[in-house]
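Colleague: I should be grateful for a close look at a single part of this model, namely the nonpolar patch on its surface. Which residues form the patch, and which elements do they come from?

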Amino acid sequence: MIRAHVTGTKMLVSWIALLVLTFISFGISRVGLTGGAELAAALTISIVKTFIVLFIFMHLIEQRFANRLIVIVTFLFIVLLVTLTAADPMTRKTYPKTPDPSARPID
């Protein structure tokens, strides 16, 4: 049972939304946000753009829930992979590169 069809109007609106999001992404890169805000905004925009492409241009909105579930699980695995990769360097212990000469034992 197909719930929704992707019409030409929906494709045009989606294409315009993708263009607007691209210009917003470019504008954010020119503003020069600090503190990771630029990265968070860029990732959020890219996720929204990805879902627009998946659901409208790849006709995922017309598919059964089982097919959508595969995409959702794949997306969650990617989020898990990126999170674990980012957490790895943040949780490592750093040791001094050279031994401290003042810490030598007295003979």
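Modeller: The answer below begins with the patch and then turns to the largest pocket and the salt bridge. Please keep in mind that this is a predicted model.

The nonpolar patch on the surface is formed by L12, W15, I16, L19, V20, F23, I24, V53, F57 and M58. Together, these residues have about 930 Å² of accessible area. Two elements give two or more residues to the patch: helix α1, spanning 8–31, and helix α2, spanning 37–57. The largest share, seven residues, comes from α1. One of the patch residues, L19, lies in helix α1. L19 has a relative accessible area of 34% and is therefore partly exposed, since that term covers values from 20% to 50%.

Helix α2 also takes part in the lining of the largest pocket, as does α3 (65–91); these are the elements that give two or more residues to that lining. The pocket has a volume of about 180 Å³. Its lining consists of L43, S46, I47, T50, F75, I78, V79 and V82. By class, six of these residues are nonpolar, two are polar and none is charged.

Charged residues do meet elsewhere, for the structure holds one salt bridge. In this salt bridge R92 is paired with D88, and the closest N and O atoms are 2.8 Å apart. R92 is exposed, with a relative accessible area of 56%, whereas D88, at 36%, is partly exposed.

Notes. Residues numbered from 1 in each chain as written. Predicted model: local features only at pLDDT ≥ 70, side-chain atom pairs only at ≥ 80, totals over all residues. Heavy atoms only, no water. Patch = residues over 30% accessible without salt bridge, like charges linked within 9 Å, V, L, I, M, F, W, Y side chains within 5 Å. Areas by Shrake-Rupley, 256 points an atom, 1.4 Å probe, with all protein chains shown as cover. Salt bridge = Lys/Arg side-chain N within 4 Å of Asp/Glu carboxyl O. Helix = DSSP H or I, 4+ residues; strand = E, 2+ residues; numbered from the N terminus. Buried < 20%, exposed > 50% of the residue type's maximum accessible area, 1.4 Å probe, protein only. 1 Å grid on protein atoms, 1.4 Å probe; cavity = no way out; pocket = protein on both sides within 12 Å on 5 of 7 lines; lining within 4 Å. Points joined across faces, edges and corners; volume = space filled by probe spheres on them. Nonpolar A, V, L, I, M, F, W, Y, C, P; charged D, E, K, R; others polar.
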